[in-house]
Amino acid sequence: MSMKNLALIVIKVALTIPVAYALAYPFLNPAADGGVFKEVETLGVFGSLVLVATFLAAVFLYCRDLYRCLGLVSPGARKASPRSVWLMFLIPYNFVEDFFIVANVAGSLRQEAVGNAALHRFKSFGMVSGLGWCAAQIVSLLPHSIGSIAGALALPLWIVHWRLIRQINAALSEALNQAGPGVGQRV
């Protein structure tokens with residue numbers, strides 16, 4: 001492992017500490033008002049469990065699409081392994097890692113677009129919407145109405161990003177299918 005990679009891991013872990021505190025804050029300070037946890041709490045135990053299960057299923061499907069996206073990008077253009085997207089399930093580390101996943105996917109797509117005409121119709125590869133939902137999800141951990149507002153903003157930004165990734169996957173898949181038999185997913 002290079003010193004650069006080690007330093008990056010140390011930085012990510014250091015940034016995860018305040019996120020972990022923000023996640024624990026509502027449990028350490030039950031009187032704290034608002035934030036996404038208070039809103040989930042209003043659903044009751046069963047409703048909260050259903051919401052969490054639905055959210056985790058959606059995250060799984062999103063990660064699968066990101067994995068597929070990086071798999072459709074030529075290996076030389078990839079900024080990260082397709083497997084890296086599954087770090088989104090490593091809580092609380094994922095709150096920081098999500099920024100890097102989004103940036104790596106966007107950077108890989110930007111690099112792929114240099115030599116792949118299937119991507120020329122796209123003006124953006126999701127950096128703004130992706131980093132937007134990442135930032136909003138962190139802010140959603142704050143108590144009070146600012147956390148609630150950020151949570152309400154994170155969801156549509158996430159959907160916009162996911163929709164773009166699905167459109168890009170379709171364009172890349174179509175281009176590979178038109179290339180002929182024997183040319184498949186590049187994972």
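User: How much space lies in the second largest pocket?

Analyst: This is a predicted model. The pocket asked about is the second largest one. The space in it comes to about 310 Å³.

User: How many residues line the second largest pocket, and which lie nearest its centre?

Analyst: The lining of this pocket is made of 14 residues. Some of them lie nearest the centre. Those are Asn-5, Leu-8, Lys-12, Glu-97 and Asn-104.

User: Which helix gives the largest share of that lining?

Analyst: Two helices each supply at least two lining residues: H1 (3–28) and H4 (94–115). The largest share is 5 residues. That share comes from H1.

User: How do the lining residues of the second largest pocket divide into nonpolar, polar and charged?

Analyst: Take the classes one by one. Polar residues number 3, and charged residues number 4. The nonpolar ones number 7.

User: At what angle do H3 and H4 pack, and how far apart are their axes?

Analyst: Two packed helices are described by an angle and a distance between their axes. H3 covers residues 44–72. Its angle with H4 is about 30 degrees, and the axes are 10 Å apart.

User: Is the crossing of H3 and H4 left-handed or right-handed?

Analyst: Look at how H3 passes H4. The crossing is left-handed.

User: Which residues of H4 does H3 meet?

Analyst: On the H3 side, the residues are Tyr-62, Leu-66, Cys-69, Leu-70 and Leu-72. By class, this contact has 9 nonpolar, 2 polar and 1 charged residues. Asn-104 is on the H4 side, and Asn-104 also lies among the residues nearest the centre of the second largest pocket. The H4 residues in full are Ile-101, Val-102, Asn-104, Val-105, Ser-108, Leu-109 and Glu-112.

User: Where is Pro-92 placed, and what is the peptide bond from Ile-91 to Pro-92?

Analyst: Pro-92 is in the loop between H3 and H4. The bond from Ile-91 to Pro-92 has omega near 5 degrees. That peptide bond is cis.

User: How many helices and strands are in the protein chain?

Analyst: From the N terminus on, the elements run α-α-α-α-α-α. The C-alpha trace spans about 60 × 40 × 25 Å along its principal axes. The count is 6 helices and 0 strands.

User: What percentage of the residues in the protein chain is buried?

Analyst: Buried here means under 20% relative accessible area. The chain has 187 residues. The buried ones make up 39%.

Definitions and conventions. Residues numbered from 1 in each chain as written. Predicted model: local features only at pLDDT ≥ 70, side-chain atom pairs only at ≥ 80, totals over all residues. Heavy atoms only, no water. 1 Å grid on protein atoms, 1.4 Å probe; cavity = no way out; pocket = protein on both sides within 12 Å on 5 of 7 lines; lining within 4 Å. Points joined across faces, edges and corners; volume = space filled by probe spheres on them. Helix = DSSP H or I, 4+ residues; strand = E, 2+ residues; numbered from the N terminus. Nonpolar A, V, L, I, M, F, W, Y, C, P; charged D, E, K, R; others polar. Axes fitted to C-alpha atoms, helices over the stretch in contact; angles between N-to-C directions. Left-handed = near helix turned anticlockwise from the far one by under 90°. Contact = heavy atoms within 4.5 Å. Buried < 20%, exposed > 50% of the residue type's maximum accessible area, 1.4 Å probe, protein only.
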